[in-house]
Amino acid sequence: MKLEQISSWISYQEMNDEVHNQLIKSWLVEEGPITSRIKSNEVFELNLLKDCLDDVGELEADFLGKNLGKVKTREVVLLGNKIPRVYARSLIPLDTINHGFSKLGDLGTRPLGDILFEKGVFRRIKIVFAKFTDTENIFWGRKAKYLVKDFPLSVMEVFLIDANG
C-alpha cells in the first residue's frame with residue numbers, strides 16, 4: 001500500500017476544527033484497540049506487509065526521541081470483511097523490546113493492539129494527526145507515541161475512509 005502524507009502533523013484541537021465527517025473523527029479519537037472496533041462488526045484479518053529492522057527518517061527519530069539505535073519497523077493492513085480499513089506503521093526501537101516489553105519483538109501476525117492496551121504497561125504521551133493520499137483518495141491518520149518502562153514506540157494509523165466521499 002503506497003500512501004503519501006500530504007499535510008503536516010497537527011494537534012487534536014486543529015484536527016477537531018478541520019474534520020467534519022463524524023465517522024472519520026470517531027476513528028481518529030478511538031480510545032481502545034482499533035482491532036476490537038473492526039472485530040465488533042466485521043470479520044477481521046491482518047495482512048503483514050513488513051516486519052524488519054530498518055532505518056528511520058529524521059522526523060520519525062525526532063518524534064520518538066534521539067539516540068534510538070536499531071528500530072523494528074512493522075507495517076500492516078487491517079481488514080474488515082476483506083476490505084482494507086486501516087494501514088498501520090509501528091516503530092519499535094530494539095531497546096524498547098529488550099528493556100521495555102519483550103512481547104513487542106515477536107508479534108508475527110498478531111495485532112499490536114492485542115498487547116498495546118494491557119493495563120498499566122503502555123502509556124500514550126503524545127498524539128498528532130495528518131492527511132494522506134493514495135493518489136485517488138484523501139485519508140486521515142494519527143500517530144501516537146507510547147512509553148513502556150520509559151522506552152518509546154510509535155504507532156501510526158491511517159484510516160482508509162475517503163475524506164472526500
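**Entry 1: the β1 end of the sheet**

I started at Gln5 and looked for its bridge partner in β5, which turned out to be Phe132. This is a predicted model, so I read every feature here as a prediction. β1 pairs with β5, residues 123–133, in the antiparallel sense, and I counted two bridges between them.

Next I followed β5 across to β6. These two run antiparallel and are joined by 10 bridges. For a register check I picked Ile127, whose partner in β6 is Ala144. The β5 and β6 hairpin has four residues between its strands, and there I noted Thr135 with a positive phi near 85 degrees.

**Entry 2: on to β7 and β4**

I moved along to β6 and β7, which pair in the antiparallel sense over nine bridges. Leu147 stands opposite Pro152 in β7. Their hairpin has two residues between the strands, and Lys149 takes a positive phi near 50 degrees in it.

How many bridges join β4 to β7? I found six, with the strands running antiparallel. Val86 has Phe159 as its bridge partner in β7. Val86 also turned up from the other side, as the partner in β4 of Leu78. That second pairing belongs to β3 (residues 71–80) and β4 (residues 83–93), which are antiparallel over 10 bridges.

I also asked myself whether β7 is enclosed or open. Eight of its nine residues are buried, so β7 is largely enclosed by the rest of the structure.

**Entry 3: the whole sheet**

With the pairs in hand I wrote down the full order: β1-β5-β6-β7-β4-β3-β2, seven strands in an open sheet with antiparallel pairing. β1 (4–5) and β2 (44–54) stand at the edges with a single partner strand each, so one side of each has no neighbour in the sheet.

Then I looked for what lies across the sheet. Helix α3, residues 34–41, lies across β2, β3, β4, β6 and β7. Its angle to β3 is about 20 degrees.

**Entry 4: the largest pocket**

I turned to empty space next. Rolling a probe the size of a water molecule over the atoms shows where such space is left. The largest pocket comes to about 260 Å³.

Both residues of my opening pair are back here: Gln5 and Phe132 are in the lining, along with Trp9, Leu59, Glu60, Phe63, Leu64, Arg89, Leu91, Lys143, Ser154 and Met156. Which element gives the most to this lining? It is α4, with four residues. α4 (58–64), β4 and β7 each supply at least two. By class I get seven nonpolar, two polar and three charged residues.

**Entry 5: the cavities**

I then checked for enclosed space and found two cavities of 30 Å³ or more. The largest cavity has a volume of about 200 Å³. It has 19 lining residues, and the closest to its centre are Leu78, Leu112, Gly113, Val155 and Glu157. Leu78 is the residue I had paired with Val86 earlier.

Two or more lining residues come from each of α3, β3, β4, α6 (113–116), β6 and β7. β3 has the largest share, at three residues. The lining divides into 12 nonpolar, four polar and three charged residues.

The second largest cavity holds about 30 Å³ of space. Its lining is Arg124, Arg142, Ala144, Tyr146, Val155 and Glu157. I had met Ala144 already, as the partner of Ile127. Val155 and Glu157 were among the residues closest to the centre of the largest cavity. For the second largest cavity, β6 and β7 are the elements that give two or more residues, and β6 has the largest share with three. The class split is three nonpolar, no polar and three charged.

**Entry 6: Thr96**

My last stop was Thr96, in helix α5, residues 94–100. Is Thr96 buried or exposed? Its relative accessibility is 0%, so it counts as buried.

I listed the contacts of Thr96 beyond four places in sequence: Phe101, Leu104, Val148, Phe151, Pro152 and Leu153. Pro152 is the residue I had found opposite Leu147. I also took a C-alpha distance from Thr96 to Asp51, which are 45 residues apart along the chain, and got 16 Å.

Terms used: Residues numbered from 1 in each chain as written. Predicted model: local features only at pLDDT ≥ 70, side-chain atom pairs only at ≥ 80, totals over all residues. Heavy atoms only, no water. Pairing = 2+ DSSP bridges. Contact = heavy atoms within 4.5 Å. Axes fitted to C-alpha atoms, helices over the stretch in contact; angles between N-to-C directions. 1 Å grid on protein atoms, 1.4 Å probe; cavity = no way out; pocket = protein on both sides within 12 Å on 5 of 7 lines; lining within 4 Å. Points joined across faces, edges and corners; volume = space filled by probe spheres on them. Nonpolar A, V, L, I, M, F, W, Y, C, P; charged D, E, K, R; others polar. Buried < 20%, exposed > 50% of the residue type's maximum accessible area, 1.4 Å probe, protein only.
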